[in-house]
Amino acid sequence: MNERLAAAFALLPEYLGWHVLLSASALLLGVLISLPLAVAASRSPRLRWPVLAGASLIQTIPSLALLALFYPLLLALSALSKAWFGQGFSALGFLPSLLALTLYSMLPILRNSAAGILGVDPAVREAADGVGMTPRQRLFQVELPLAAPVIMAGIRTAAVWTIGAATLSTPVGQTSLGNYIFAGLQTENWVFVLFGCAASAVLALVADQLLGLVEAGARLRKPLLAILGAAGLAVGVAVALLPLAGFGKPATYVVGAKNFSEQYILAELMADRLQRAGGEVRRKEDLGSAVAYRALAAGELDVYVDYSGTLWTNVLGRKDNPGRAEVLKQLTAELKRRDGVTVLGSLGFENAYAFVMRPDRARALGVATLADLAREAPKLTLGSDLEFLSRPEWKAVDAAYGLGFKTKRSYQPTFMYRALSGGEADVISAFSSDGRIAADKLVILSDPKGAIPPYDAVVLISPKRAGDRRLIDALKPLIGAIPVEAMQAANYSVDRDAGKLSPAEAARAMEAKIPAR
Amino acid sequence: MTAAIELSGVGKRYGALAALADVSLSVEAGQFTALVGGSGSGKTTLLKTINRLVAPDAGTVRVQGEDVAALEPPALRRRIGYVFQEVGLFPHLSVGENIAITPKLLGWDRAKIAARVEALLDLVALPQEVATRAPAALSGGQRQRVGVARALAAEPALMLMDEPFGALDPLTRDALGADYRALHDRLGLTTVMVTHDMAEAVLLADRIVVLREGRIVADGTAADLLAKTADPDVRALLEAPRRQAERLRAKLAGAA
């Protein structure tokens, strides 16, 4: 327990620094955009409705979706900029997070600022005109000072929202306090999850109190109080950003990982090898499946592990299944030709989608294959991970066998296994390299029609690193060196409830067993 | 000599409603003019066309010979004092800062502004120590004295007042009215004051202009109007204070 807490604290300076940088930039940008917009809206009733309705509409988009939507948009813009100016930019990480959070912060600032300005006593406004103020002087000397407490209250609300929503920038590749939550949820490290929640809540509380001081200063007309609050904020942001100064220099290699234990372990394994080869390494974890490949092709990631079947169906859009070796061969040629992406080779194990049941249940129903399952399906509940049901693999299996389940439920992978052991699901879409299959003695249903494509774990290298000898020499020994049992054991050591290891520890244990070449 | 204020053919419509219809009026420098009429008669609209808080649809307004439509409104307003019933002191500024506002907008230097604020507090009979207080800490009468001081700060020759004493209790109102009339004479101001109270108009003004439905229906000294006006409404309006005074006297005599 103490060890995990220590691990969490060790990561805090980096995570907190990015979280503060991201939230503060988004809030600042939000204020800079919203204030002039609110002034314009308070002047023109015709503008007021569309502006406030637009901001409300943005607020109704789930924040995670808003963050995700900026990725393809920026990718397209980056491609345009590359075509026109010969210079693209990163569509992953800071930029999409910043833009989404800025939009998200705007509503409370807009609404309060417009209300604050419109709430100024008409007699005071008439007096301002009467003494000979220009509209500009009236705004800056009378309306804004009088609306300041209401505007500050809006900024406070926006700050709390932004700091909370910034945890969701982790899946688009931006380091934040959300890294604790997403990684913790995946590896069932509840200390990490709680630590991430607590850290973000404390940050929000501190920001809220300091902004509250500024607000009170504006309301009570005590400039000293407002200055105190603003100084507190400035010092807090500066201290939080201090550790980032060291992260400023560009990492030589960016290692990517999707959002599950195996990916974290393999990323650590590769990162460790690259570091020992003298490279600087930065990690981008918790990436969505589609995001990871496109980021690699665009050069934002240098290396990550994907699975042949996923690339075959999702990237190449193929529905056929010519067999394990043939898929790998065609994939290697096709990805190189299309995107310049290098398939370094298979690590030696498959992480295939596998339909899995509890042994007692499978025996009672007499189910051993997917064909048997189709017969019993109308009585059964399928538990799947969050993306399986929208993937082509599911469509292929369903087309081949006709699996009309009574109900289908989606879970976080961790909870999917819980649902199976608890009986909420009768069959789940598991992964063949998952340590929990062996540990819980679960039954894998066979696929006689070959509907599920092979899923060899392959190391992918970005176009710009295709000729990087240091990278290739460091990672080449991993090819064919990880049998499925080794991966299952490593995954289980991270996923199990008691005595769990961190992904880095699991990676070290695995490294020790890899034969030196 | 050009008139201090000259309105010719001024009209203003709000939708179908004519607030002012073809109003012409000339005010000599040094005159104290009262604009009298019921609510909706157009008296406030007329006043506000002079400092262009209202832009007329028709006609021209000249102040000291200049067409106000050709001037920048803020520049025009900085040379005209404006006092209204709600006062509109800036709640986030001290009394002294409120009084100093127009000189500050005109870019006076600090020492000159400080001396002017001090002089104005004396002029409107307020103690010097109120300068640092917030407007909210003053009584209604004191607040309006600050309003008058603020209007006089940049030494305007022309003062526009819209029911300036309307919200005050009768005693304060009487004292403030008399004090202001004395200031008007001492500083040689030209004053146009809107009121619905004929007694106040008769007591303070040299000239009474009566408006009804956006038109001038009577114009002259109190005595002139009483002698010449045939309009029964105007007569009734003029006689009201006298009748009221007589009734008061009779009641008080009977009680004694």
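This briefing describes the overall make-up of chain A, the packing of several of its helices, two of its residues and its contact with chain B.

The structure is a predicted model. Chain A contains 21 helices and ten strands, and its C-alpha atoms fill a box of roughly 90 × 55 × 50 Å along the principal axes. Of the 517 residues in chain A, 48% count as buried. Among contacts in chain A with a separation of 6 or more, 78% join residues that are 24 or more positions apart.

**Helices H1 and H4 of chain A**

- The axes of H1(A) and helix H4 (residues 94–118) of chain A come within 6 Å and cross at roughly 40 degrees.
- H1(A) and H4(A) are therefore oblique to each other, since angles under 35 degrees would count as roughly parallel.
- The crossing of these two helices, H1(A) and H4(A), is right-handed.
- Sorted by class, the residues in the contact of H1(A) with H4(A) comprise 20 nonpolar, nine polar and no charged.

**A residue of helix H1: A:Ala38**

- A:Ala38 lies in helix H1 of chain A.
- A:Ala38 has 28 other C-beta atoms within 10 Å and is therefore buried, as 20 or more such atoms are required for a residue to count as buried.
- Leaving aside residues up to four places away in sequence, A:Ala38 touches A:Leu110, A:Ser113, A:Ala114 and A:Ile117.
- One of these partners, A:Ala114, is 76 residues from A:Ala38 in sequence, while the C-alpha atoms of the two are 4.9 Å apart in space.

**Helices H1 and H6 of chain A**

- Helix H1 (residues 2–43) of chain A and H6(A) have axes that come within 11 Å and cross at roughly 140 degrees.
- H1(A) is therefore oblique to H6(A), because only angles over 145 degrees count as roughly antiparallel.
- The crossing of H1(A) and H6(A) is right-handed.
- H1(A) contributes A:Ser23, A:Ala26, A:Leu27, A:Gly30, A:Val31 and A:Val39 to the contact, and H6(A) contributes A:Leu139, A:Ile155, A:Ala158, A:Ala159, A:Thr162 and A:Ile163.
- The contact of H1(A) with H6(A) has nine nonpolar residues, three polar residues and no charged residues.

**Helices H3 and H4 of chain A**

- The axes of helix H3 (residues 63–85) of chain A and H4(A) come within 8 Å, crossing at roughly 130 degrees.
- This angle makes H3(A) oblique to H4(A).
- The crossing of H3(A) and H4(A) is right-handed.
- On the H3(A) side, the contact is made by A:Ser63, A:Leu66, A:Leu67, A:Phe70, A:Tyr71 and A:Leu74.
- On the H4(A) side, it is made by A:Leu95, A:Pro96, A:Ser97, A:Leu99, A:Ala100, A:Leu103 and A:Tyr104.
- The contact of H3(A) with H4(A) has eleven nonpolar, two polar and no charged residues.

**Two largely buried helices of chain A**

- Helix H7 (residues 178–187) of chain A has nine of its ten residues buried, so it is largely enclosed by the rest of the structure.
- The buried residues of H7(A) are A:Gly178, A:Asn179, A:Tyr180, A:Ile181, A:Phe182, A:Ala183, A:Gly184, A:Gln186 and A:Thr187.
- A:Glu188, which follows H7(A), has a positive phi near 55 degrees.
- In helix H10 (residues 261–276) of chain A, the 16 residues should span 22 Å at 1.5 Å a residue, and the end C-alpha atoms are 23 Å apart, which agrees.
- H10(A) is mostly covered, with 13 of its 16 residues buried.
- Just after H10(A), A:Gly278 takes a positive phi of about 95 degrees.

**A partly exposed residue: A:Ala439**

- A:Ala439 belongs to helix H18 (residues 435–439) of chain A.
- A:Ala439 counts as partly exposed because it has 15 C-beta neighbours inside 10 Å.
- A:Ala439 and A:Lys406 are 33 residues apart in sequence, and their C-alpha atoms are 28 Å apart in space.

**Contact between chains A and B**

- The contact between the chains involves 15 residues of chain A and 16 residues of chain B.
- Helix H5 (122–130) and helix H6 (135–165) of chain A are the elements that give two or more residues to the side of chain A that touches chain B.
- H5(A) provides the largest share of that side, six residues.
- The side of chain A that touches chain B divides into eight nonpolar, four polar and three charged residues.

Notes. Residues are numbered from 1 along each chain as its sequence is written. Chains are lettered from A and ligands numbered from 1 in the order in which they are written. This is a predicted model: local features need pLDDT of at least 70, side-chain atom pairs count only at pLDDT 80 or more; totals for chains, interfaces and linings use all residues. Two residues are in contact if their C-beta atoms, placed from the backbone, lie within 7 Å. Helices (H or I, at least four residues) and strands (E, at least two) are DSSP runs, numbered from the N terminus. Ala, Val, Leu, Ile, Met, Phe, Trp, Tyr, Cys and Pro count as nonpolar, Asp, Glu, Lys and Arg as charged, and the others, Gly among them, as polar. Axes are lines fitted to C-alpha atoms, for helices over the stretch in contact, and angles run from 0 to 180 degrees between N-to-C directions. Angles under 35 degrees count as roughly parallel, over 145 as roughly antiparallel, 65 to 115 as roughly perpendicular and the rest as oblique. A crossing is left-handed if the near helix is turned anticlockwise from the far one by less than a right angle, and right-handed if clockwise. The expected span of a helix is 1.5 Å times one less than its number of residues. A residue is buried if 20 or more other C-beta atoms lie within 10 Å of its own, exposed if 12 or fewer, and partly exposed in between; C-beta atoms are placed from the backbone.
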